[in-house]
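Work through the exercises below with the sequence and the model open, and try each task before reading its solution.

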Amino acid sequence: MAKLALKQRELKRDKLVAKFAAKRAELKAVSTDLSRAEEERAAARLALQKLPRNASPTRQRNRCEITGRPRGTFRQFGLGRAKVRELAFVGAIPGVTKASW
């Protein structure tokens with residue numbers, strides 16, 4: 001089980017990413033647009049650097065919805081590998097069966 005503080009930090013990052021998503025996309029578009037003046041592009045890059053670090057989507061971490069485990073998570077289910085295994089054996093995940101050949 002992950003610490004509650006780590007889960008809360010991840011939720012805080014999710015909110016920041018959502019809050020600054022539009023502004024970040026606009027600044028990135030300006031900074032990569034070669035038809036604009038170099039000064040305008042440089043100003044957009046500076047403004048992008050002044051945004052909070054946690055507003056970047058690359059700082060988000062996939063975590064298990066049940067345990068909060070940061071590693072070994074399946075994107076399709078949003079669960080950690082151990083929980084996927086437990087729930088699959090019980091039959092709680094539709095369409096997932098134990099492999100046999």
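**Exercise 1.** Classify Phe-77 as buried, partly exposed or exposed, and then describe its part in the aromatic pair.

*Solution.* Phe-77 has a relative accessibility of 29% and therefore counts as partly exposed, where buried means under 20% relative accessible area, exposed over 50% and partly exposed in between (1.4 Å probe, protein chains only). The model is predicted, so local features need pLDDT of at least 70 and side-chain atom pairs count only at pLDDT 80 or more, while totals for chains, interfaces and linings use all residues. Residues are numbered from 1 along each chain as its sequence is written, and side-chain values use heavy atoms, with hydrogens and water left out. A search of the whole structure finds one aromatic pair. The ring centres of Phe-74 and Phe-77 lie 6.3 Å apart with their planes at 50°, so this pair is tilted (centres within 6.5 Å; stacked under 30 degrees, edge-to-face over 60, tilted for the rest). Its partner Phe-74, at 41% relative accessibility, is also partly exposed.

**Exercise 2.** Describe the surroundings of Ser-31, beginning with the helix in which it is placed.

*Solution.* Ser-31 belongs to helix H1, which covers residues 4-32, and Lys-28 is found in helix H1 as well. With 9% relative accessibility Ser-31 counts as buried, whereas Lys-28, at 44%, is partly exposed. A polar atom of the Ser-31 side chain lies 3.0 Å from the backbone oxygen of Lys-28. Beyond its neighbours within four places in sequence, Ser-31 is in contact (heavy atoms within 4.5 Å) with Arg-41, Ala-44 and Arg-45.

Note on methods. Helix = DSSP H or I, 4+ residues; strand = E, 2+ residues; numbered from the N terminus. Polar contact = N/O pair within 3.5 Å; in protein donor to acceptor, adjacent residues only side chain to side chain. Phe/Tyr/Trp six-rings, centres within 6.5 Å; stacked < 30°, edge-to-face > 60°.
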